[in-house]
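User: I'm new to this structure and would love a close look at one part of it. Could you walk me through a single helix and its surroundings?

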Amino acid sequence: MSTKLEGVAAKAREDKKLVFTSLAHQINKELIEESLRHIPLASAKGIDGIDVETARETFNQWIEEMETSIHRKSYKAPAVRRVWIPKPGKVEKRPIGVPCVADRALQRSVATVLNAIYEEDFLNCSFGGRPGRGAHNALITMDEIIMRKSINWVFEADLKNFFGSLDHGWLLRFVEHRVGDPRILSLCF
């Protein structure tokens, strides 16, 4: 995490009610370039047909326009390429969207900035979709709890289409509790 983002994290940790009204300057050329470097070269192309290697090679040609549009709140994400992938053990397939590589780099950059804030708010027992945490960490923690305490039951659930059914209006309201920069909010939904 950069020094500037460490400062954002420190402010978030100190004041749990602080609304960050100026964050867009954190989404800069350096962060987007770093995010682009984290995208594996073998990643799928978006609807524009540009692969990761080409996006890296042409970075200086497209980054200025992207930065300007972010700060003017005029950035429009390109269309997403729809791909159908098989569900394990089933005949049916599920749809996934493949964003353009440049947009993936921007998404990762926004997530990095938001993570600096929300990682300070999330509970330690939360594992889903967090950097450095995942299902294996959750299983290890659950195993430790079961071994230390008397547990009578464990409930397992799989919510069908959970992310596809989330109300974006409510999500935006949740984000607005901590983020008040309209330029960042315009990138979220």
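Analyst: Happy to help; what follows is a tour around helix H5 (residues 101-118).

This is a predicted model, in which local features need pLDDT of at least 70 and side-chain atom pairs count only at pLDDT 80 or more, while totals for chains, interfaces and linings use all residues. Residues are numbered from 1 along each chain as its sequence is written, and side-chain values use heavy atoms, with hydrogens and water left out.

Let's begin with a partner. Helices here are DSSP runs of H or I with at least four residues, numbered from the N terminus. The axes of H5 and helix H1 (residues 3-14) come within 7 Å and cross at roughly 35°; these axes are lines fitted to C-alpha atoms over the stretch in contact, and angles run from 0 to 180 degrees between N-to-C directions. H1 brings Leu5, Val8, Ala9 and Ala12 to the contact, and H5 brings Thr112, Val113, Ala116 and Ile117 (contact means heavy atoms within 4.5 Å). Of these residues, 7 are nonpolar, 1 is polar and none is charged. In this sorting, Ala, Val, Leu, Ile, Met, Phe, Trp, Tyr, Cys and Pro count as nonpolar, Asp, Glu, Lys and Arg as charged, and the others, Gly among them, as polar.

Next comes the core. The largest nonpolar core has 35 residues, and Ile27, Ile32, Met66, Leu106 and Val179 touch the most other members. Such a core is a set of buried Ala, Val, Leu, Ile, Met, Phe, Trp, Tyr and Cys residues joined through side-chain atoms within 4.5 Å, where buried means under 20% relative accessible area with a 1.4 Å probe, protein chains only. H5 gives the most to this core, with 10 residues. Leaving aside neighbours within four places in sequence, Met66 is in contact with Ile32, Tyr75, Ala102, Asp103 and Leu106.

Finally, the pockets. A pocket is an open set of points on a 1 Å grid over the protein atoms alone, where a 1.4 Å probe fits, with protein on both sides within 12 Å along at least five of seven lines; lining residues have an atom within 4 Å of a point. H5 gives the most to the lining of the largest pocket, with 9 residues. That lining has 35 residues, with Phe163, Leu166, Leu171, Cys188 and Phe189 nearest the pocket's centre. H5 also gives the most to the lining of the second largest pocket, with 5 residues. Here 20 residues form the lining, and those nearest the centre are Met1, Ser2, Leu5, Leu31 and Thr112.

Terms used:
Helices (H or I, at least four residues) and strands (E, at least two) are DSSP runs, numbered from the N terminus. Buried means under 20% relative accessible area, exposed over 50%, partly exposed in between (1.4 Å probe, protein chains only).
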